[in-house]
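Grab a pencil and work through a few short exercises on the structure below. Try each task yourself before you read its solution.

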Amino acid sequence: MRRHRNVKIVATLGPASNDYEMIRALHEAGADVFRLNMSHGDHAEIRARHEIIRQVEKDMNSPISILADLQGPKLRVGVFKNGEEELEVGASFRLDLDDAKGDATRVKLPHKEIFDALEPGAHLLVNDGKIKLRVKDCGIDFADCEVVVGGTISNRKGVNVPDVTLPLAALSEKDRKDLEFVCELGVDWLALSFVQRAADVEEARALAKGRAAILSKIEKPNAVKSFDEILKVSDGIMVARGDLGVELPVHAVPPIQKQLIRKSRAAAKPVIVATQMLESMIDSPMPTRAEVSDVATAIYEGADAIMLSAESAAGSFPIEAVTTMNNVAGEVEADPTYTEIIEASRRADGKTVADGIVSAAREIAETTDVKAICCFSQSGTTALLVSRERPRVPIIALTNHIKTARRLCLSWGTNCVVTGPVDRFKDAVIAAVRAAISQELATKDDMVVITAGVPFNTPGSTNILRVAPCDERLIFPTEAD
């Protein structure tokens, strides 16, 4: 299914989007990638959703990417005798490892790792930052705090610790089981939560064993500080603005978003902007103007994908939410200012032959009457490099590996086509022009740019570029074997 936009849409599945008819309708409305949230739903439910997606993919003859989002460690306080307590500003409050139920003066925090890392002056945020505590004194099993921002604290509310690197692995025991399950199931991307350092990503990669690409969620201050190292070992990035906005001042999040997008794009790695993009559409068929502006900003910044969470998973208007994103994307990308911004942010710092080939392909396509750039990609690397260029013409990513096509569904501008095996460049040219015509991106009177690597079926070998007519009668007499 060819889209009339370049940015991709990720839709989270859940109770509101659980059957074949709805999932197919979401794909038709514009969803390119479906997110399976491992925080919700057991393995049987995840398997059923995976099977439905693959059936929709088969019925529509359209590659679809599946992203499994691992939950990560969940830090929560214990329970209270009365279910909840009111904390006053300036009051003292203790967190400890005592099993006794909490009251207005203390509550259990069943995470020894937090106490091991805390220092006086550090802050703890409870219930998405609604309550803020400052550590005055701490030991191996307690933290005496002052209430800086008060409010109601209740059973099992989440805790964020923004000021320290916690000695916690990004993968809990549940995550390890979930990772193995979804990799065996055949998902295309793994989204890794609670990333603090590059080693967290490398651990997940070792467990995935190449069965899925690794996408790092940037949701903690330490991940922002270590972003360059995390980016190097990741296949993709998610700007998870929810927790970022809790652990950092909210006004710091927009510039961080812009920086992460720029760096990810320069590295030719897809980047998703996520969290609360159309939050009001959980209950309303219409978004707010501010939400539309937020979605548009992410597109103007050059994000590969924009994501819906509860809007499509549990909301009352999942199709309308996807349609809204699709319409905003179309409007933004038709704006001449969008092209100016995207091209002004292009970084020409590549040093390989492949970098030169894809840069030349874009230049040729934009300065002549070429209708598309067709790239043959075994592993997806060539298509990612072309996508990084953000060309003005469509990108056709051709591969004989369905997993490569599915992973590329997350990347900006890629129209993914699965071809048969290609052994000669002449066969590649023919396959490319046929794909351009079948995708209605060109006619027999047009030309396309083709990039490939010779010898074929060698990942990372992009070394050839050809401008070819789409009329096959003009190819055969002139194309060498």
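Here come four exercises on this predicted model, each with a worked solution.

**Exercise 1: the barrel**

Task: Find out how many strands make up the closed barrel and how they pair.

Solution: Start by following the strand order, which goes β1-β2-β3-β12-β13-β14-β15-β16. That gives a closed barrel of 8 strands, and the pairing is parallel. Next, check the angle: on average, neighbouring strands of this sheet are turned by 25° against each other, with direction ignored. Now zoom in on one pair. Strand β3 (residues 65–69) runs parallel to strand β12 (residues 189–192), and 3 bridges join them. To pick out one partnership, take leucine 67: its bridge partner in β12 is tryptophan 189.

**Exercise 2: the annotated stretch**

Task: Work out which residues the UniProt annotation "domain: Pyruvate kinase barrel" covers, and describe the chain there.

Solution: First look at the record. The unreviewed UniProt entry places this annotation on residues 5–322. Then turn to the model: over residues 5–322 the chain is 35% helix and 24% strand. Finally, compare the two ends of that stretch, whose C-alpha atoms are 13 Å apart.

**Exercise 3: the second largest pocket**

Task: Explain where the second largest pocket lies with respect to domain 1 and domain 3.

Solution: Begin with the space itself, about 680 Å³. Around the second largest pocket there are 34 lining residues, and Arg2, Arg3, Gly413, Thr414 and Asn415 lie nearest its centre. Sort the lining by class and you get 14 nonpolar, 10 polar and 10 charged residues. Next, ask which elements contribute. Both α13 (336–344) and β19 (414–418) supply at least two lining residues, and β19 gives the most, with 5 residues. Last step: domain 1 (8–73 + 170–337) and domain 3 (353–474) both give residues to the lining, so the second largest pocket lies between them.

**Exercise 4: the second largest cavity**

Task: Decide which class of residue, nonpolar, polar or charged, has what share of the lining of the second largest cavity.

Solution: The structure holds 3 cavities of 30 Å³ or more, and the second largest cavity has a volume of about 70 Å³. List its lining: Arg262, Arg265, Ala266, Ser345, Arg346, Arg347, Arg388 and Glu389. Now sort by class, and you find 1 nonpolar, 1 polar and 6 charged residues. To finish, match the lining to helices. Helices α9 (253–266) and α15 (381–389) each supply at least two residues, with α9 giving the most, 3 residues.

Terms used
Residues numbered from 1 in each chain as written. Predicted model: local features only at pLDDT ≥ 70, side-chain atom pairs only at ≥ 80, totals over all residues. Heavy atoms only, no water. 1 Å grid on protein atoms, 1.4 Å probe; cavity = no way out; pocket = protein on both sides within 12 Å on 5 of 7 lines; lining within 4 Å. Points joined across faces, edges and corners; volume = space filled by probe spheres on them. Helix = DSSP H or I, 4+ residues; strand = E, 2+ residues; numbered from the N terminus. Nonpolar A, V, L, I, M, F, W, Y, C, P; charged D, E, K, R; others polar. Domains from an automatic or database assignment. UniProt positions renumbered as here; feature names shortened; annotations may be inferred. Pairing = 2+ DSSP bridges. Axes fitted to C-alpha atoms, helices over the stretch in contact; angles between N-to-C directions.
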